[in-house]
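The following exchange asks how certain descriptions of a model are justified. Please consult the sequence and structure shown here.

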Amino acid sequence: MPSTSTRSAGPTFHLVAVMAVAATTGFASFASSAAPAGATPTPPFSSVAPITLGPGISLTPADGWTVEMTPDGNYAELDNRDATARLEVTVGSGQSADPAKELHNNIQNFMQNYGYTNVNLAEPVSAPVNSRFFQQQVTQGFTANDSTPPGAAHQGMFTELMNTTTAMAAFAAFQADPDAYDAASTDATNMINSML
């Protein structure tokens, strides 16, 4: 997966070259669960125009979320209004057509690049998706602590969306302050579902 630029530090998150993760391992998608198999994805209600992340694949930002993209256009970082939640999405070719393997590799690189400690990962959950682009998804929740500021807590969800025929994948990483997680996760879910 193509590399992306170094992230900016927000008031809550200390960020480092995160999408080197994607460049190293391919990509996975992270966010709350996507639309269940057989269901028609519900587009998020947003006044913001969709952003293109890959061939035919676009993401509709939630209202109030700011967007930064890399020049090659396959990576987007979206931050909520008060910088307590962030969604990062990368679209490209995975190193395999196995969504669980892609997700595992991307999570390892993501955590290493952020320097997170005390990482606790939930069991991954796999499911088919009803999408024009992807057939499978794997999601995995997490909690972790940051090194800057020391001990800052993060809660999040990783999601890998995979086209099992072409190995086209989307890696989305949603993370938030624990107090902001529930409120921001709805927006993150809608943004991820908008790619389906």
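Two strands pair if DSSP finds at least two bridges between them. The model discussed here is predicted.

Q: What makes β6 and β8 a pair of strands?
A: Strand β6 (residues 117-121) is joined to β8 by three bridges. Pairing requires at least two bridges, so the criterion is met by these strands, which run antiparallel. Within this pairing, L121 has F142 of β8 as its bridge partner.

Q: How do you know that β7 and β8 pair, and in which sense?
A: Four bridges connect strand β7 (residues 125-128) with β8, in the antiparallel sense. The cut-off is at least two bridges, and therefore β7 and β8 count as paired. Here S126 stands opposite V138 in β8.

Q: What makes β8 and β9 a pair?
A: Ten bridges link β8 to strand β9 (residues 153-162), again in the antiparallel sense. With at least two required, the two strands pair. Q136 stands opposite M162 in β9.

Q: How many residues of β8 are buried?
A: Eight of the ten residues in β8 (residues 136-145) are buried, so that the strand is described as mostly covered.

Q: Why is S185 called buried?
A: The relative accessible area of S185 is 12%. Buried means under 20%, so S185 qualifies. This residue lies in helix α3 (residues 181-193).

Q: What makes the approach of D182 and S185 a polar contact?
A: The backbone oxygen of D182 lies 3.0 Å from a polar side-chain atom of S185. The cut-off is within 3.5 Å, and therefore this distance satisfies it.

Definitions and conventions:
Residues numbered from 1 in each chain as written. Predicted model: local features only at pLDDT ≥ 70, side-chain atom pairs only at ≥ 80, totals over all residues. Heavy atoms only, no water. Buried < 20%, exposed > 50% of the residue type's maximum accessible area, 1.4 Å probe, protein only. Polar contact = N/O pair within 3.5 Å; in protein donor to acceptor, adjacent residues only side chain to side chain.
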